[in-house]
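Me: I have a model open and would like to learn how to read its features one by one. Could you walk me through it?

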Amino acid sequence: MWTDGACKGNPGVGGWGVWMRSGTHERELFGGEEDTTNNRMELTAVIEGLRALKRPCTVQLNIDSQYVMKGMTSWLAGWKRNGWRTADKKPVKNAELWQALDTEVARHTITWQWVKGHAGDVGNERADELANRGVDQVRERRG
């Protein structure tokens with residue numbers, strides 16, 4: 001699974017994209033929001049990708065977001081221990097999305113793989129295209 005988020009302005013119109021591949025099967029997902037941030041779209045992409053899996057799966061999750069990667073591998077345990085507060089006692093930004101992601105992650109066996117964005121990784125490029133389709137979809141809806 002490859003995921004990506006996009007935002008035109010930050011905050012601004014945003015989109016998220018997911019490309020899944022298992023053997024010869026492929027699936028594309030995308031969507032967007034009117035007023036959001038890049039970080040929210042990166043999180044939403046992972047959440048929506050994992051939600052789309054109908055049963056517990058083993059997933060190699062390829063992401064180009066250091067924010068999501070560090071959140072899941074370094075920060076999450078502390079946030080949960082501290083009642084969704086950061087080390088300096090401030091509320092965690094996007095806490096509802098982190099909580100939703102934590103719930104989805106618990107259903108699956110995930111290997112987190114960071115990939116450099118816009119560097120030729122076929123899956124990352126595809127997820128980026130889907131995220132931008134999400135942005136276009138929002139723009140088309142508002143006319």
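**Reading a predicted model**

Reply: Gladly, and keep in mind that this is a predicted model. Let's begin with histidine 108, which has a relative accessible area of 9% and is therefore buried, as the cut-off for that word is under 20%.

Me: Where in the fold is histidine 108 found?

Reply: Histidine 108 lies in the loop that runs between helix H3 (95–106) and strand S5 (109–114).

Me: Which residues does histidine 108 touch, leaving out those up to four places away in sequence?

Reply: Those residues are Leu50, Leu53, Arg55, Pro56 and Cys57. For polar partners, start with the backbone oxygen of leucine 50, which the side chain of histidine 108 reaches at 3.4 Å. There is also a polar contact of 3.4 Å between the side chains of histidine 108 and arginine 107.

Me: Now the strands. In which sense do S1 and S2 pair?

Reply: For strands, look at the sense of pairing and then at the bridge partners. S1 pairs with strand S2 (residues 12–22) in the antiparallel sense, over eight bridges. The two form a hairpin, with two residues between them. To find the register, take glycine 5, whose bridge partner in S2 is tryptophan 16.

Me: And in which sense does S1 pair with S4?

Reply: Strand S1 (residues 2–9) and strand S4 (residues 58–63) pair in the parallel sense, over two bridges. Tryptophan 2 has asparagine 62 as its bridge partner in S4, and threonine 3 has isoleucine 63. S4 also pairs with S5 in the parallel sense, there over six bridges. Within that pairing, glutamine 60 has threonine 111 of S5 as its bridge partner.

Me: How many residues of S1 are buried?

Reply: Six of its eight residues are buried, so S1 is mostly covered, given that buried means under 20% relative accessible area.

Me: On to the helices. At what angle do H2 and H3 pack?

Reply: With helices, check the angle and the axis separation, then see which residues meet. H2 and H3 pack at an angle of about 95 degrees, and their axes are 11 Å apart. The two helices are therefore roughly perpendicular to each other, a term that covers 65 to 115 degrees. From H2, the residues Tyr67, Val68, Gly71, Met72, Leu76, Trp79 and Lys80 meet Trp98, Leu101, Asp102 and Val105 in H3.

Me: What describes a pair of aromatic rings?

Reply: Such a pair is described by the distance of the centres and the angle of the planes. In this model the count comes to six aromatic pairs. In one of them, the rings of tyrosine 67 and tryptophan 98 have centres 5.3 Å apart and planes at 65 degrees, so the pair is edge-to-face, the term for planes over 60 degrees apart. This pair links distant parts of the chain, with tyrosine 67 in helix H2 (residues 66–81) and tryptophan 98 in helix H3, 31 residues apart. Both tyrosine 67 and tryptophan 98 are buried. They belong to one aromatic cluster, formed by Tyr67, Trp75, Trp79, Trp84 and Trp98.

Me: One last residue: how is glutamine 99 classed by its relative accessible area?

Reply: Glutamine 99, which sits in helix H3, has a relative accessible area of 33% and is therefore partly exposed, in between the cut-offs of 20% and 50%. As a distance to try in your viewer, the C-alpha atoms of glutamine 99 and threonine 111 are separated by 19 Å, with the two residues twelve apart along the chain.

Terms used
Residues are numbered from 1 along each chain as its sequence is written. This is a predicted model: local features need pLDDT of at least 70, side-chain atom pairs count only at pLDDT 80 or more; totals for chains, interfaces and linings use all residues. Side-chain values use heavy atoms; hydrogens and water are left out. Helices (H or I, at least four residues) and strands (E, at least two) are DSSP runs, numbered from the N terminus. Buried means under 20% relative accessible area, exposed over 50%, partly exposed in between (1.4 Å probe, protein chains only). A polar contact is a pair of N or O atoms within 3.5 Å; within protein, one must be able to donate a hydrogen and the other to accept it, and residues adjacent in sequence count only if both atoms are side-chain atoms. Contact means heavy atoms within 4.5 Å. Two strands pair if DSSP finds at least two bridges between them. Rings of Phe, Tyr and Trp (its six-membered ring) pair if their centres lie within 6.5 Å; planes under 30 degrees apart count as stacked, over 60 as edge-to-face and the rest as tilted. Axes are lines fitted to C-alpha atoms, for helices over the stretch in contact, and angles run from 0 to 180 degrees between N-to-C directions. Angles under 35 degrees count as roughly parallel, over 145 as roughly antiparallel, 65 to 115 as roughly perpendicular and the rest as oblique.
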